[in-house]
Amino acid sequence: MKHEFLRTVLFRDLNFLMTMAMKGLVNMKNVLFSNMSMSWPIKLSTEIMFKGACRRCLCLESSGTALEKENNILVSHLAGMGVDVKMVRKRQPGVLKRQLTNEEGLKKFLQTKGANKEAVSNIISRYPRAITRSYQSLKERWEIWRSILMSDLEIVAILQRSPESFFRSGNNQNMQKNITFFCSLGLTRKDLCRMLTRAPRVFSNSVELNKQMVSLLNEIYLALGGENPDDFVRQIVSKNVFILLRSRKQVKANIQFLQLSFNLDNQELLTLLHHQGGDLLDLSNEYLKKTLGNVKEKLLSCGCTETEVDRFVLKHIRVLYLSPQNLNDKIDFLLQANICIQQILKSPLVLDKNINTIGSRIEDLGKVDYNFKIHGIGILALSKQRFAAKLEKLHCME
C-alpha cells in the first residue's frame, strides 16, 4: 500500500509538471513568433525516460551539446543572401548558433529604405547581430535617426560604414534622451546631423556618460578662468564629437600636456582650445607625445630654433595628427623639390595634403615655370577647384 501510494503521488506530480512545461513552451513560442521569423523549426519530442518510471512529456530535441553547433539552415540562408559567413564567424560567431533570427525581415526593411542587395549583405557581414533585431525595434530607431538626417539613403550610407552604431543597442529610449540632452546644450539639427554622420556611436552612449564628459569640459573651462562654459562646450562638441567617446582621464591628460609642453598660461590655453586645440583632445596622450616629439626633432634637424618650432606647432597644431612617418616624408619631399624649410613654416597647410597631391601639383606648376621662391608655396594648399582655376590662369599668362 505504501509503495502504491508513493507511485500515485509521483505520477500525479509528473503529470502536473508536464502540463506546466507544455504551457510554458507554447507561451514562449507565441511570444517569439510574434516578434521574430524562424530560421530553424523547434523540433519537439515526447520521449523522455525517467529512472524508476517511464513517462512521456514535451521537450526540446536539442541537447546542450547540440546548442553549441551552428544553425546550418541559417548559415545557408545567409550565404544565399551574399553575406560573408567567414566574416560573421570572425566577428560574432554566436549569431550563427541562434535558432530565432530576423534576417529576412531585416532585408525587406532595409530594401524599403533604398538599400540594395549588396548593401544589405555588407551590413549583416560587418555586424551580424543586426539579424536579431525585431521589426518594431528597427522601425522605432529608424524614425529617431530620420528626425535628424535628411533622407533614408543618408542612414543607409552610415549603416554601410558603421552598422554597429545603429544595431549595437536596441535602447531607443536612451538614444532619444541623448538627442534631448544634446539639444539642451544648444546644438542645432545641423550639428546633430554632423555628429550622427561622423560618430554615431555617441548616441549609443548612456546619457549619464555623455553628461560626465560635458561636466568635465565645464569644470576645465571655469578652472582656466572662462566665463561662458556653455559656449565652450557647444563649440568643442560640435567640432570634435569624438571627444564623447574618450575617457575623462584622457581628455584631462591631453589638456595638461598642451599647457605644459608650450608653457601656456590659462588664457593662452583657452585661446588654443577655442581654436584648433580642441580638435586634438580625442587623441591618445601617448600619440600626442610621440608626434610632438617627432615634429620638434625633424624641424630642429632642418635648422629651426625651439621658438620657431613652438610657434609653428601652435599656428598649425593639427600637424600633431600626422604620424611621424607621414610628416617626415612630406617635409623631405618638399625639401627635395627645392622648397626651403622656412617656406613650409609659413605655409603649414600644405602638410594637410597627401604626398601624391603635392607631387602632382609641383609637376603641373613646373610646366608653367612657377617660382616658389617668389610666389611662395601657398598654392599647393588650395582646394582642388581653386588650384585648377589658378593653374588655368597661369597657362593663359604664358
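This is a short tour of one cavity and three helix pairs in a predicted model.

**Stop 1: the cavity**

Start with the empty space inside. The structure has 1 cavity of 30 Å³ or more, and the largest cavity holds about 30 Å³ of space. To see what surrounds it, select Arg133, Ser137, Leu138, Arg141, Phe166, Phe167 and Ser169, which line the largest cavity. Colour that lining by class and you should get 3 nonpolar, 2 polar and 2 charged residues.

Which helices each supply at least two residues of this lining? Show α6 (135-146) and α8 (164-167), and you have them. The largest share, 3 residues, comes from α6.

**Stop 2: α6 and α9**

Keep α6 on screen and add helix α9, residues 172-184. The two pack at an angle of about 10°, and their axes are 10 Å apart. An angle under 35 degrees counts as roughly parallel, so that is the word for α6 and α9.

Now pick out the side chains at the contact. On α6, select Ser137, Glu140, Arg141, Ile144 and Trp145; on α9, select Asn172, Met175, Gln176 and Ile179. By class, these contact residues divide into 4 nonpolar, 3 polar and 2 charged. You have met Ser137 and Arg141 already, in the lining of the largest cavity.

**Stop 3: α9 and α11**

Stay with α9 and bring in helix α11, residues 207-223. How do the axes of these two helices sit? They come within 9 Å and cross at roughly 25°, so α9 and α11 are roughly parallel to each other too.

For the contact, highlight Asn174, Lys177, Asn178, Phe181 and Phe182 of α9, then Val207, Asn210, Lys211 and Val214 of α11. This contact has 4 nonpolar, 3 polar and 2 charged residues.

**Stop 4: α4 and α5**

For the last stop, hide those helices and show helix α4 (residues 103-112) with helix α5 (residues 117-126). Here the packing angle is about 130°, with the axes 10 Å apart. That makes α4 and α5 oblique to each other. Turn the view until one helix lies over the other: the crossing is right-handed.

The contact residues to select are Leu106, Lys107, Leu110 and Gln111 on α4, and Val120, Ile123 and Ile124 on α5. Sorted by class, the contact of α4 with α5 has 5 nonpolar, 1 polar and 1 charged residues.

Notes:
Residues numbered from 1 in each chain as written. Predicted model: local features only at pLDDT ≥ 70, side-chain atom pairs only at ≥ 80, totals over all residues. Heavy atoms only, no water. 1 Å grid on protein atoms, 1.4 Å probe; cavity = no way out; pocket = protein on both sides within 12 Å on 5 of 7 lines; lining within 4 Å. Points joined across faces, edges and corners; volume = space filled by probe spheres on them. Helix = DSSP H or I, 4+ residues; strand = E, 2+ residues; numbered from the N terminus. Nonpolar A, V, L, I, M, F, W, Y, C, P; charged D, E, K, R; others polar. Axes fitted to C-alpha atoms, helices over the stretch in contact; angles between N-to-C directions. Parallel < 35°, antiparallel > 145°, perpendicular 65-115°, else oblique. Contact = heavy atoms within 4.5 Å. Left-handed = near helix turned anticlockwise from the far one by under 90°.
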